[in-house]
Amino acid sequence: MTISRNLTSLLFSFFILLFSTQSFAYSYAAAGKEPLIEGREALLKALSASDYSAVQTAYDSMQKEFVYFNEHHGLAVDKQMQTAITNKDQQGVATALITTIKAEVMRRLEGAEQNINEYQVAKVLVVKSKLFIDLLAADLTADNRQKADKAIRGALASIGNPGVFGVGQKPADLTRYIEYRTNLQAALQFTLPDAPTK
C-alpha cells in the first residue's frame, strides 16, 4: 500500500513538473514586449492613410530597435527610415521596416547560436525569430516562404531537447543549426552585417 502511494505521489509530481516546465517554456517564449512587432502595425496603418505624422509617432515607439542595428552592425536603417518619413517616401519607409525585421530575425538566430547549450534561452530566441519571419510572409516569394519555414523548423529541432529527467534527451547539433541558419539567410536574401558566417 505504501509503495502504491509512493508511486502515485511520484507520478503526480512528475506530471506537475512536466506541465509546469512546458508552461514555463511557452510563457517565457511569449514574455516581454516586442516594440518592432507592435509598432509595425501602427506604422503600416498610418502609411496606408498617408498620415506621416502618425507614421513618425509609430516609428518613435520602436526607434531604439532601428538604432541598435546601426550601432552594433553598421546597418543604417534608422537613418533610412527617418529620411523616408521626412520625404514622405512610402516605399522607403516599407523598405527600411522590412530590412529591420530581417535583421531582427538574424540577430535572434545569432543569439541562439551563441547560447545553443542553454536550451531554454536558445529555444526562446528561435521561437521569437519565427514571429518576425511570419511578418515577412507577404514580402517573400512562395518558394522562399517555404524555404524559410523549413529552415526555422530545422533550426528549432537542431537546438536539441533536454528531455524530462533525461528521458527523450537530444543534444544540440551546432553544425546543423548553422546550416539551417545559413539556409534562412538565403531564403530572406539578407545577411546581418558582421553576423557569423562560419
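Contact here means heavy atoms within 4.5 Å, and that is the sense in which residues of two helices "meet" in the legends below. The model shown is predicted.

**View 1. Helices α7 and α8 packed side by side.**
Lys 123, Val 126, Val 127, Ser 129, Lys 130 and Ile 133 are the α7 residues in this view, and they meet Ala 148, Asp 149, Ile 152 and Leu 156 of α8. Helix α7 covers residues 119-135, and its axis is 10 Å from that of α8, at an angle of about 170 degrees. An angle over 145 degrees counts as roughly antiparallel, and α7 and α8 are therefore roughly antiparallel to each other.

**View 2. Asn 144, in helix α8.**
Helix α8 spans residues 142-158, and Asn 144 belongs to it. Is Asn 144 buried or exposed? With a relative accessible area of 12%, Asn 144 is buried, since anything under 20% goes into that class. Leaving aside residues up to four places away in sequence, Asn 144 touches Ala 187 and Gln 189.

**View 3. The whole chain, for orientation.**
What is the chain built from? The protein chain has 9 helices and 0 strands, so reading from the N terminus gives α-α-α-α-α-α-α-α-α. It has 198 residues, and 38% of them count as buried. Take the contacts between residues at least 6 apart in sequence: 65% of these join residues at least 24 apart. The accessible surface adds up to about 11400 Å², with 56% of that belonging to carbon and sulfur atoms.

**View 4. Helices α2 and α3.**
Helix α2 takes in residues 35-48 and helix α3 residues 52-60; their axes come within 8 Å and cross at roughly 170 degrees. That makes α2 roughly antiparallel to α3. On the α2 side, the residues taking part are Gly 39, Ala 42, Leu 43, Ala 46 and Leu 47, and they meet Tyr 52, Ala 54, Val 55, Ala 58 and Tyr 59 in α3. Ala 42, in helix α2, is partly exposed, at 39% relative accessibility. How far apart are Ala 42 and Val 55 in space? Their C-alpha atoms are 7.5 Å apart, with the two positions 13 residues apart in sequence numbering.

**View 5. Two loop residues with positive phi.**
Ser 50 lies in the loop between α2 and α3. Its phi is near 55 degrees, a positive value in a residue other than glycine. Ser 50 is exposed, with a relative accessible area of 51%. Now go to the loop between α5 (77-86) and α6 (90-114), where Lys 88 is found. Lys 88 is not a glycine either, yet has a positive phi of about 55 degrees. At 58% relative accessibility, Lys 88 counts as exposed.

**View 6. Aromatic rings in pairs.**
How many aromatic pairs are there? With ring centres required to lie within 6.5 Å, the count comes to 2 aromatic pairs. In one, the rings of Tyr 59 and Phe 66 have centres 5.0 Å apart and planes at 85 degrees, so the pair is edge-to-face. Both Tyr 59 and Phe 66 are buried. In another, Tyr 68 and Phe 69 have ring centres 5.2 Å apart and planes at 90 degrees, which makes this pair edge-to-face. Here the burial is uneven: Tyr 68 is partly exposed, with a relative accessible area of 26%, whereas Phe 69 is buried at 0%.

**View 7. Arg 107 over the ring of Tyr 68.**
Stay with Tyr 68 for a moment. The charged end of Arg 107 sits over this ring, 4.3 Å from its centre. Tyr 68 thus has Arg 107 over its ring and the ring of Phe 69 as its edge-to-face partner.

**View 8. Ala 103 and its contacts.**
Ala 103 is in helix α6 and is buried, with a relative accessible area of 0%. Which residues does Ala 103 touch, not counting residues up to four places away in sequence? They are Phe 69, Leu 75, Phe 190 and Leu 192. From Ala 103 to Phe 69 it is 34 residues in sequence and 7.6 Å in space, C-alpha to C-alpha. Phe 69 is the ring partner of Tyr 68 from View 6.

Conventions: Residues numbered from 1 in each chain as written. Predicted model: local features only at pLDDT ≥ 70, side-chain atom pairs only at ≥ 80, totals over all residues. Heavy atoms only, no water. Phe/Tyr/Trp six-rings, centres within 6.5 Å; stacked < 30°, edge-to-face > 60°. Buried < 20%, exposed > 50% of the residue type's maximum accessible area, 1.4 Å probe, protein only. Lys NZ or Arg CZ within 6 Å of the ring centre and 35° of its normal. Helix = DSSP H or I, 4+ residues; strand = E, 2+ residues; numbered from the N terminus. Areas by Shrake-Rupley, 256 points an atom, 1.4 Å probe, with all protein chains shown as cover. Axes fitted to C-alpha atoms, helices over the stretch in contact; angles between N-to-C directions. Parallel < 35°, antiparallel > 145°, perpendicular 65-115°, else oblique.
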